[in-house]
Number of protein chains: 2
Amino acid sequence: MAGKVEARKAALRQKLVEAAEIRIARDGAGALRARDLAHDAGCAVGAIYNAFDDLTAIIMAVNGRTFQQLGAAVEASVAGAEAEPPTCRLILMSNAYLHFAVQNTNLWRAMFDLRMAAGDAVPEWYLTALDSLFANIARPVGELFPDKDAGEAALMVRALFSAVHGIVLLGLEQRISGVPPERIEQMIAQVLEQIGGR
Amino acid sequence: MAGKVEARKAALRQKLVEAAEIRIARDGAGALRARDLAHDAGCAVGAIYNAFDDLTAIIMAVNGRTFQQLGAAVEASVAGAEAEPPTCRLILMSNAYLHFAVQNTNLWRAMFDLRMAAGDAVPEWYLTALDSLFANIARPVGELFPDKDAGEAALMVRALFSAVHGIVLLGLEQRISGVPPERIEQMIAQVLEQIGGR
DNA sequence: GCCTTTTCTTGAACTGCGTTCAAAATACAG
DNA sequence: CTGTATTTTGAACGCAGTTCAAGAAAAGGC
């Protein structure tokens, strides 16, 4: 019965990640407790550390799933809109990003809250997911700025993503923006329309 | 000798905030320890809780100082540049913001990392400092968009601040940007020049 | 099938932290 | 100077992540 151990371990990993996702979505990553997680997954606290290095690793696993969903949501927002002008597509993607953040606030926050421990290697799935997200932004940006070389365009892609991220981030933070959520969409559109040359 | 108690308490408060500022600047707010702080300030751990409600309150006090410095740095960056075109002044302020964040990364992060506990009242100094920061941004924005009404202009001010904040935030986060710090200035300039209509 | 070895699971114990609290020290009023 | 009020103290509390020795389960050889 070789491999049964592997299967058990994999099953436990999955149960832990699922339980963690539910808890993070409901209470935020900061409220995740090892003992709660063990209870949810039906194992002892110690078993967690057989399946994962530490709690942070579980949050990272959840972040991986979240990032996949976020990428899919952004991509879906411009599927079939290839004929629209580039500025419009940028706005569509940004709104998809905003709505994902609004509807999955705790999961979305967990992706950015996690201080990468001791600057160790960024996981490979992270860079992959990020690249495919950037690739979606790169298409309209390439159309808007056909004169820019690859390096400048890549910089602009990251700048636009960061700018929209900043608007969403501070927009959801009540204390800073003091702006009602429905206005955030307006802020994004104003900025992107200006950049797109109206 | 009435008031001597007050003076001692105030002195302790100040020593605690100073010690906390040094530690946060060096190790980040997450590494702040009550026992270290008590040692630095030359008091017992319990005394901290006589001067402040909890550690979070001390971090907030440090954030207040940081915010003051940040505001001063931004304001100084456009002092005497009133004759420059508005886009240029926006870039000057943004670069000042970037450089402050680069040179005081941990203190700057502490201002945004702190999850406002239980959505209780935002401190008054916070809103004041934020308003005066926004007022600086509002001047060039008003020149760039004279047609916008007050509400739209205020939205644009917040959107621009958030956008620049996002570019700085993710730019300093190595894992996301993959962009060398000297390029961040370029990203900001590209975006703001586009918005300002070149 | 049975014994040996390896591997996994368990939950009590360890460690580190913010915070509290009863006792001692200090400051103040009359 | 004496009694009361306030502050200071640091040991103790509660709660978390993580570890670890002991027991349970699986794997492998015969």
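**A buried salt bridge and the helical chains around it**

B:Arg109 and B:Glu173 are both buried. That holds for a predicted model, and the pair makes a handy way into the structure. Their side chains meet in a salt bridge, with N and O 3.4 Å apart. The link reaches across distant parts of the chain: B:Arg109 sits in helix α6 of chain B, while B:Glu173 belongs to the loop between α8 (150-172) and α9 (174-177) of chain B, 64 residues apart. Helix α6 of chain B itself runs over residues 105-113. For B:Arg109 the relative accessibility comes out at 14%, and since buried means under 20%, the residue falls in that class. Once neighbours within four places in sequence are set aside, B:Arg109 is in contact with B:Leu172 and B:Glu173, and also with A:Arg115 from the other chain. So what does the boundary between the two chains look like?

The contact draws on 40 residues from chain A and 40 residues from chain B. Interface size is often quoted as the accessible area lost when the parts come together. Here the area buried between chain A and chain B is about 3,400 Å², with carbon and sulfur atoms giving 63% of that figure. How many salt bridges are counted between chain A and chain B? The count is zero. Residue pairs in polar contact between chain A and chain B, with both residues at pLDDT 80 or more, also number zero. On the chain A side, the helices that each supply at least two of the touching residues are α6 (105-113), α7 (124-144), α8 (150-172), α9 (174-177) and α10 (181-195). Of these, α8(A) brings the largest share, 14 residues. Sorted by class, the side of chain A that touches chain B has 24 nonpolar, seven polar and nine charged residues.

Chain A on its own is a helical affair, with 10 helices and zero strands. Along the sequence the pattern reads α-α-α-α-α-α-α-α-α-α. Its C-alpha atoms fill a box of roughly 60 × 40 × 35 Å along the principal axes. Chain A has 198 residues, and 48% of them are buried. Among contacts between residues at least 6 apart in sequence in chain A, 66% join residues at least 24 apart.

Helix α4 of chain A offers a quick geometry check. It covers residues 55-78, and at 1.5 Å a residue its 24 residues should span 34 Å; the end C-alpha atoms are 36 Å apart, which agrees. Just after α4(A), A:Gly80 takes a positive phi of about 80 degrees. Within the helix lies A:Ala73, which counts as partly exposed because its relative accessibility is 29%. Leaving out residues up to four places away in sequence, A:Ala73 touches A:Ala96 and A:Phe100. By contrast, A:Ala73 and A:Leu37 are 36 residues apart along the chain, and their C-alpha atoms are separated by 28 Å.

Back to charged pairs: over all chains, the count comes to 12 salt bridges. One of them joins A:Asp36 and A:Arg23, whose closest N and O atoms are 3.8 Å apart. Why does this pair tie together separate parts of the chain? A:Asp36 lies in helix α2 (residues 34-41) of chain A and A:Arg23 in helix α1 (residues 4-27) of chain A, so the bridge connects parts that are 13 residues apart in sequence. The two partners fall into separate exposure classes: A:Asp36 is partly exposed at 29% relative accessibility, whereas A:Arg23 is buried at 17%. Salt bridges that share partners join A:Arg23, A:Asp36 and A:Asp40 into one network.

Another salt bridge brings together the side chains of A:Asp27 and A:Arg26, at 3.6 Å from N to O. Here A:Asp27 is partly exposed, with a relative accessible area of 40%. A:Arg26, at 53%, counts as exposed, because the class starts over 50%. The B:Arg109 and B:Glu173 pair, by comparison, has both of its members buried.

Terms used
Residues are numbered from 1 along each chain as its sequence is written. Chains are lettered from A and ligands numbered from 1 in the order in which they are written. This is a predicted model: local features need pLDDT of at least 70, side-chain atom pairs count only at pLDDT 80 or more; totals for chains, interfaces and linings use all residues. Side-chain values use heavy atoms; hydrogens and water are left out. Contact means heavy atoms within 4.5 Å. Buried area is the accessible area (1.4 Å probe) that two parts lose on being put together, summed over both. A salt bridge is a side-chain nitrogen of Lys or Arg within 4 Å of a carboxyl oxygen of Asp or Glu. A polar contact is a pair of N or O atoms within 3.5 Å; within protein, one must be able to donate a hydrogen and the other to accept it, and residues adjacent in sequence count only if both atoms are side-chain atoms. Helices (H or I, at least four residues) and strands (E, at least two) are DSSP runs, numbered from the N terminus. Ala, Val, Leu, Ile, Met, Phe, Trp, Tyr, Cys and Pro count as nonpolar, Asp, Glu, Lys and Arg as charged, and the others, Gly among them, as polar. The expected span of a helix is 1.5 Å times one less than its number of residues. Buried means under 20% relative accessible area, exposed over 50%, partly exposed in between (1.4 Å probe, protein chains only).
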